[in-house]
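Below are my comments on the model, set out as numbered points. Please read them with the structure open beside you.

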Amino acid sequence: METTTPTTPGRPRDRLMFIDEVADRLGRSTAQLRWMLTKGTAPKSAVIGGRRCWRESDVEKFIDDAFAEAS
């Protein structure tokens, strides 16, 4: 019997990223990303199982929005 993990209908599963990966993607240190979290200027994130994580699509949207504001 095959098991599948439920997803929200119409929304594909998103890869979760952790602080090191997000900091690297944004060109920041983990300390800078933690500061962004404190200031409320970091990409949308959640704590799951005691670990802060980001959906890859939210990180990419954060970058896209920054470029859209700069135009």
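**Notes on the fold**

1. In what is a predicted model, I would begin with the packing of helix 1, residues 19-26, which lies across strand 1 and strand 3 and runs at about 85 degrees to strand 1. Helix 3, which spans residues 56-70, likewise lies across strand 1 and strand 3, and its direction makes an angle of about 65 degrees with strand 3.

2. As for the overall composition, the protein chain has three helices and three strands, and when these elements are read along the sequence they follow the pattern β-α-α-β-β-α.

3. How are the strands ordered in the sheet? The three strands form an open sheet in the order 1-3-2, with antiparallel pairing, and the edge positions are taken by strand 1 (16-18) and strand 2 (46-48), each of which pairs on one side only. Neighbouring strands of this sheet are turned against each other by 55 degrees on average, with direction ignored.

4. On one side of the sheet, strand 1 pairs with strand 3, residues 51-55, in the antiparallel sense and over three bridges. A residue pair that can be checked directly in this pairing is Phe-18, whose bridge partner in strand 3 is Cys-53.

5. Strand 2 and strand 3 also pair in the antiparallel sense, again over three bridges, and here the bridge partner of Val-47 in strand 3 is Arg-52. As general background, the strands of a sheet pair through backbone hydrogen bonds, either parallel or antiparallel.

6. Which residue takes a positive phi in the hairpin of strand 2 and strand 3? In this hairpin, which has two residues between the strands, Gly-49 is the one to inspect, as its phi is positive and near 60 degrees.

7. Turning to the chain as a whole, 20% of the 71 residues of the protein chain count as buried, where buried stands for a relative accessible area under 20%. The accessible surface of the protein chain comes to about 5600 Å², and 53% of that surface belongs to carbon and sulfur atoms.

8. Finally, on the sequence range of the contacts, among those in the protein chain that link residues at least 6 apart in sequence, 43% join residues that are at least 24 apart.

Terms used
Residues numbered from 1 in each chain as written. Predicted model: local features only at pLDDT ≥ 70, side-chain atom pairs only at ≥ 80, totals over all residues. Heavy atoms only, no water. Pairing = 2+ DSSP bridges. Helix = DSSP H or I, 4+ residues; strand = E, 2+ residues; numbered from the N terminus. Axes fitted to C-alpha atoms, helices over the stretch in contact; angles between N-to-C directions. Contact = heavy atoms within 4.5 Å. Buried < 20%, exposed > 50% of the residue type's maximum accessible area, 1.4 Å probe, protein only. Areas by Shrake-Rupley, 256 points an atom, 1.4 Å probe, with all protein chains shown as cover.
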